[in-house]
Every structure is written in structure tokens, then in C-alpha cells.
Amino acid sequence: MVVFNPLPMRRFTPPRVLALGFAGIILIGAFLLTLPAASESGDATSFLDALFTAVSATCVTGLVTLDTGTHWTLFGEIVIILLIQIGGLGFMTMATLVALIFRRRISFKERLILQESLNQASMEGIVRLIRNVLMYALVVEGVGAVLLSIRFAYDMPVGQAIYYGIWHAVSMFNNAGFDLFGPISGPFSSFTSYVSDPLVTFVLTSLIIIGGIGFIVIADVVEYGQRRKMSLHSKVVLTMTASLLAIGTIVIFVFEFTNPRTLQPLDWGAKLLASFFQSVAPRTAGPNTLDLTALRQATQFFIVILMFIGASPGSTGGGIKTTTFSILIGAVLAMIRGKDDVTLFRFRLAQDRIYKAVTLTIFAMFLVVFATMVLSTTEDAHFLKILFEVTSAFGTVGLSLGLTPELTPIGKVIISFMMFIGRLGPLTLAYALTPKQEKELYKYPEGKIVIG
């Protein structure tokens, strides 16, 4: 029997394979986007801009230096949406699909990589989960595409409406944030022309939320009727996601209610729709229905916080993840209450989970702060604008205050690197770059230092 082996991976650890795999997909996409056939002008796009777009698409971010709808041809748009689908589901998931189609066996090494790519604690049932992931993605994207196509058909020819419906359903489910409305509403306009449209708002936000909660949670929700129970992971993800969405909607509504450039001109229904949409978008999706540059600075900074938290593990989104944020909150509450254990839903968390959450958060904060400091010297822009862009890149969000098209070459490289880290995960990249550590055979004596 032929063993499926997409890469000669004997010498590579799973994190290294993931890093190299994503890098390979990005380089292929960048090459295709530099071709004259990909540009509306018929000229070759600069490699740096093509690379930036390929990174943004593969890392399902949505930040662009060139407007997607006006710069790229049909060929370029198809390349971008394929990169989004591969990047969102993971290249190993797509490779496994090919293996399943040709009835090839999935090796132990490949199961390890799949486990790493989906943030699974074990390999048990990993192939079944991959099958479910592909099925869920196809069903959700298909329903979203049908609903969006029907709505867009009122504003454009049927053929274009179907294409737009499919393209944007894939983009939103994978939390990419790319859009094609540049020729209709103006470059970099996103969905601002649909700010008061309930159908577009709820279809897009549903796609974003489903894609952002993670495939593990989707499987739990789908099978809940049979098992009548839900894992701790799913409970934490759903609770934190709902809380952040509700808090985000309220805060944005309150901050922008009297802003004449955003919510004030809208009626009450449109105000609530716009506030909800802007609360969902920082879940690492990237579209917007309000002009983000017109938001008050308090709102912009609040969105930075939401973007930093991001989506959930095993999803198409980035950020430090909702579970990490939940563990941090649980640790703070445990410390305040004088408890030894961090508990969530009456379950005690292992110490290694807490250490990992703290490490990931500090590592992520360091990356965002460092990149912001560097860009503050290379870019002529306001600090909050730079922080917003860097956090958006790290969280693979795609929301922008307009800085991305104005980035210097150094700025494009830094933002591209942040998008790559955000999609791969800071700890995964760290594991990929560092040699495997041997287990220590001794312990140092315990010491005490004063804190606070």
C-alpha cells in the first residue's frame, strides 16, 4: 500500500513542517500573483506586494496593500481565494483530503502534524475530525454562498452575484476579510454600503463566528443532540465568545452613539447592526461596515484589545485565543480569592495549561510591542494607527485604519512576518526554531521573591 507523504518529513518536527508548509504555499501564491495575468493593468505586480497579499491570504488576515476588487483579475482573485481556503483549513488538512480521495493511508508522522495544526491534545480520532472539518466547512460555506448570492442578485447581474456570494462566503468563513467591492463602493470600502442591511450583516457575522469558534466546538455542537454533553473546551469557548460579542456590541454602541461620522446618522436598528458587526469583525475576520478611521480613539483602542484576544483554538482565526484569555481571567480570580487551583466550570486546570497561557500572552505582547516600536521609526503615522495595524496583523484580523497601503518596504516585511506568526502561532513558531530540549534530570532549590 502506498503511504501518503506530501513532504520528506523524517527530519522535521511537526511545528517545523507546519512552518515550512505555510511558507511554501505563500511563495507559490506570491509567484502566481506576480504574473501579468493576475493584474488588471496587465503588468507584473511587484514581488513585495504579491508576497504581502499571498501572506495575508494564506494567513487568512485581510490586510492588503492593493485593493482586491480593482487590482486583481479573475485569475488573481481565484488564486487569492484558493490561498484563503488552504490557509484557513490548513495545508495538512487539504493534503489529507487528497489522501482520503485516493484512499491512501495517513502515516503516524502525518497524524502528529495534523494534531499540531488543529491544536489537539491527542491523535485519537484525528482523521475522523479532519473528515468532519471538511464536511462542516463545505456545508457552512455553501449555505452562506446561497444566501449572499440571493441578496447580491438585487444589486448586480446574477452571474456576478453567484461569484460574489461564493467568494465572500469562503473569505468570511475562513475569517480572511478579503472583499471584492472596490469596483462597486470604492477601493478598500469593504461592506460599508451594507451597514444597515440585516441579511448581509447576519450572514457575514454567522460565517465569521462559526469559523472562529473552531472545528472542535462545531463538532461538539452538532453532536450535542446525541451525546447530551459538551466538553470543557467547548463550554469555555462558547461562553467567552458570547461574552466578548455582547460586551463589544455594548461598548461600541455607547462610544459611537453620538459620533456624527459613524452611528449618529443611522436609525436605531442600523446602529445596533453596525455595533454588532464591528464587535464580530475583531474576532479575526476583518470586514467592516463603518469607516474605521472615523471611530473615536477609545473605540479604536477597544478594538485593538478584541483583536489581540482573537478567535478560538483549532479555528481559522488568530490572536492569543479565547481559551487563553479565559485561563488568564481564571488565574487572576483564583489569586484574588486565595485559591490554589484555577477552576473553570468546576474543572481544575493543570499547571502546564496555565504556564502555557501566560507564556503565550507575554510572548504575543512582546511581539506586538516590538513590531510597533520598530514601525514607529519606519512609518510616518500616529502611534495608535501603527498599534492597530500591528495587532490586526498578529491577530490575523485584517481591520485597518488605512496604514497598510502606505507602508514602506520595511513596514510591509514586518507586517507580513506578524501575519505569518499570528497564523502559525507564536509558540508553534518558537518550537519550530528551537532544538528539541532534553528533560532535566534535576531541580534547583526553591527560592522566594517579593511580588507586588
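**Exercise 1. Locate Arg346 in the chain and classify its accessibility.**

Solution. Arg346 is in the loop between β3 and β4; strands (E, at least two residues) and helices (H or I, at least four) are DSSP runs, numbered from the N terminus. The model is a predicted one, in which local features need pLDDT of at least 70 and side-chain atom pairs count only at pLDDT 80 or more, whereas totals for chains, interfaces and linings use all residues. Residues are numbered from 1 along each chain as its sequence is written, and side-chain values use heavy atoms, with hydrogens and water left out. The relative accessible area of Arg346 is 86%, so Arg346 is exposed. The classes are buried (under 20% relative accessible area), exposed (over 50%) and partly exposed (in between), with a 1.4 Å probe and protein chains only. In sequence, Arg346 and Leu232 are 114 residues apart, yet their C-alpha atoms are 9.4 Å apart in space.

**Exercise 2. Compare the settings of Phe345 and Thr396, each with a positive phi.**

Solution. Begin with the general expectation: most residues other than glycine have a negative phi. Phe345, not a glycine, has a phi of about 55°, and Thr396, also not a glycine, has a phi of about 50°.

Next, place each residue. Phe345 is found in the loop between β3 (343-344) and β4 (347-348), while Thr396 belongs to the loop between α18 (383-394) and α19 (409-424).

Then consider accessibility. Phe345 is partly exposed because its relative accessibility is 42%; Thr396, at 0%, is therefore buried.

Finally, list the surroundings of Thr396. Leaving aside neighbours within four places in sequence, Thr396 is in contact (heavy atoms within 4.5 Å) with residues including Cys59, Asn175, Thr284, Gly317, Met419 and Arg423.

**Exercise 3. Describe the part α7 plays in the nonpolar patch and in the largest nonpolar core.**

Solution. The surface patch consists of Met135, Val139, Val143, Leu147 and Leu199, with about 410 Å² of accessible area together. Accessible areas come from the Shrake-Rupley method with a 1.4 Å probe; for residues, only the protein chains shown count as cover. Patch members have over 30% relative accessible area and no salt bridge (a side-chain nitrogen of Lys or Arg within 4 Å of a carboxyl oxygen of Asp or Glu); like charges are joined within 9 Å, and nonpolar side chains (Val, Leu, Ile, Met, Phe, Trp, Tyr) within 5 Å. Helix α7 (residues 126-152) gives the most to the patch, with four residues. Val139 is in α7 and, at a relative accessible area of 47%, is partly exposed.

Turn now to the core, a set of buried Ala, Val, Leu, Ile, Met, Phe, Trp, Tyr and Cys residues joined through side-chain atoms within 4.5 Å. The largest has 99 residues, of which Ile84, Phe152 and Ile415 touch the most other members. Its largest share, nine residues, comes from α7.

**Exercise 4. Characterise helix α17 by its span and its buried residues.**

Solution. Helix α17 (residues 351-378) has 28 residues and reaches 41 Å from its first C-alpha to its last. The expected span is 1.5 Å times one less than the number of residues, and the value for α17 is close to the 40 Å expected. Among its buried residues are Ile354, Ala357, Thr361, Ala364, Val368, Ala371 and Leu375. An α-helix has 3.6 residues a turn, so residues three or four places apart point the same way.
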